[in-house]
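Please open the structure in your viewer and keep the sequence panel beside it. This tour suggests what to select at each stop and then says what can be found there.

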Amino acid sequence: MFVLELTYTAPLDAVDAVLEAHVAWLDEQYEKGYFLASGRKNPRDGGVILAVAEDRTRIEEVAAGDPFVTAGVCAYRITEFTATKTAPELERYRETLG
């Protein structure tokens, strides 16, 4: 499981100019099963995505395709973690430590 933290690197008007494409890209990632939750940070200086993928390389490839990235308006910080406790709705993503 991964936490993707987006930080805007451009003014909000530049971010907003790409927002529609970013939202369409988010929808695609939800359909593919990569994203579990997402939203803006408060204050609005970026966003957060909770994601799953087979490995870090794949999630890095997914993040690189974000229109925010290709437009140069945000940077990603990707944190991988082992979800050893989850809400019942996320049980299929729960892992045990070996």
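Helices and strands are here DSSP runs, of at least four residues for a helix and at least two for a strand, and they are numbered from the N terminus. With that numbering in hand, select Thr-9, whose place is in the loop between β1 and α1. Please keep in mind throughout that this is a predicted model. Not counting residues up to four places away in sequence, Thr-9 touches Gly-72, Val-73, Cys-74 and Ala-75. If you then add Asp-45 to the selection, you will have two residues that are 36 residues apart in sequence and 8.6 Å apart in space, C-alpha to C-alpha.

Next, select strand β1, which covers residues 2-8, and look at the directions of its side chains. In a regular strand the side chains alternate between the two faces of the sheet. Along β1, Phe-2, Leu-4, Leu-6 and Tyr-8 point to one face and are buried, while Val-3, Glu-5 and Thr-7 point to the other face and are not buried.

Stay in β1 and pick out Leu-6, which is found in this strand. Is Leu-6 buried or exposed? Leu-6 counts as buried because its relative accessibility is 4%, and buried means under 20%. Leaving aside its neighbours within four places in sequence, Leu-6 is in contact with residues including His-22, Val-48, Ile-49, Phe-68 and Tyr-76. For a contrast in distance, select Lys-32 as well: Leu-6 and Lys-32 are 26 residues apart in sequence and 20 Å apart in space, C-alpha to C-alpha.

Now show the partners of β1. The strands β1 and β3 pair in the antiparallel sense over 6 bridges, and within this pairing Leu-6 stands opposite Gly-47 in β3. The strands β1 and β4 also run antiparallel, joined by 7 bridges, and here Tyr-8 stands opposite Cys-74 in β4.

From β3, move to β2, for these two strands run antiparallel and are joined by 5 bridges. Arg-40 stands opposite Gly-47 in β3, and a hairpin joins β2 to β3 through 5 residues. Select Pro-43, whose place is in the loop between β2 and β3, and look at the bond that precedes this residue. Most peptide bonds are trans. The peptide bond from Asn-42 to Pro-43, however, is cis, with omega near 10 degrees.

The next stop is the largest nonpolar core. In soluble globular proteins, nonpolar side chains tend to be buried together. This core has 20 residues, of which Leu-4, Phe-35, Ile-49, Phe-68 and Tyr-76 touch the most other members. The elements that give two or more residues to the core are β1, α1, β3, α2 and β4. Select Phe-68 and look around its side chain: leaving aside neighbours within four places in sequence, Phe-68 is in contact with Leu-6, Tyr-8, Val-15, Val-18, Leu-19, His-22, Val-73 and Cys-74.

Finish at the largest pocket, which has a volume of about 190 Å³. Which residues should you select to find the centre of this pocket? Of the 15 residues that line the pocket, Tyr-8, His-22, Leu-26, Gly-39 and Arg-40 lie nearest its centre. If you colour the lining by element, you will see that β1, α1, β2 and β3 each supply at least two of its residues. If you colour it by class instead, the lining shows 8 nonpolar, 5 polar and 2 charged residues.

Methods:
Residues are numbered from 1 along each chain as its sequence is written. This is a predicted model: local features need pLDDT of at least 70, side-chain atom pairs count only at pLDDT 80 or more; totals for chains, interfaces and linings use all residues. Side-chain values use heavy atoms; hydrogens and water are left out. On a 1 Å grid over the protein atoms alone, a cavity is a set of points where a 1.4 Å probe fits but cannot get out, and a pocket is an open set with protein on both sides within 12 Å along at least five of seven lines; lining residues have an atom within 4 Å of a point. Grid points are joined across faces, edges and corners, and a volume is the space filled by probe spheres set on the points. Ala, Val, Leu, Ile, Met, Phe, Trp, Tyr, Cys and Pro count as nonpolar, Asp, Glu, Lys and Arg as charged, and the others, Gly among them, as polar. A nonpolar core is a set of buried Ala, Val, Leu, Ile, Met, Phe, Trp, Tyr and Cys residues joined through side-chain atoms within 4.5 Å. Buried means under 20% relative accessible area, exposed over 50%, partly exposed in between (1.4 Å probe, protein chains only). Contact means heavy atoms within 4.5 Å. Two strands pair if DSSP finds at least two bridges between them.
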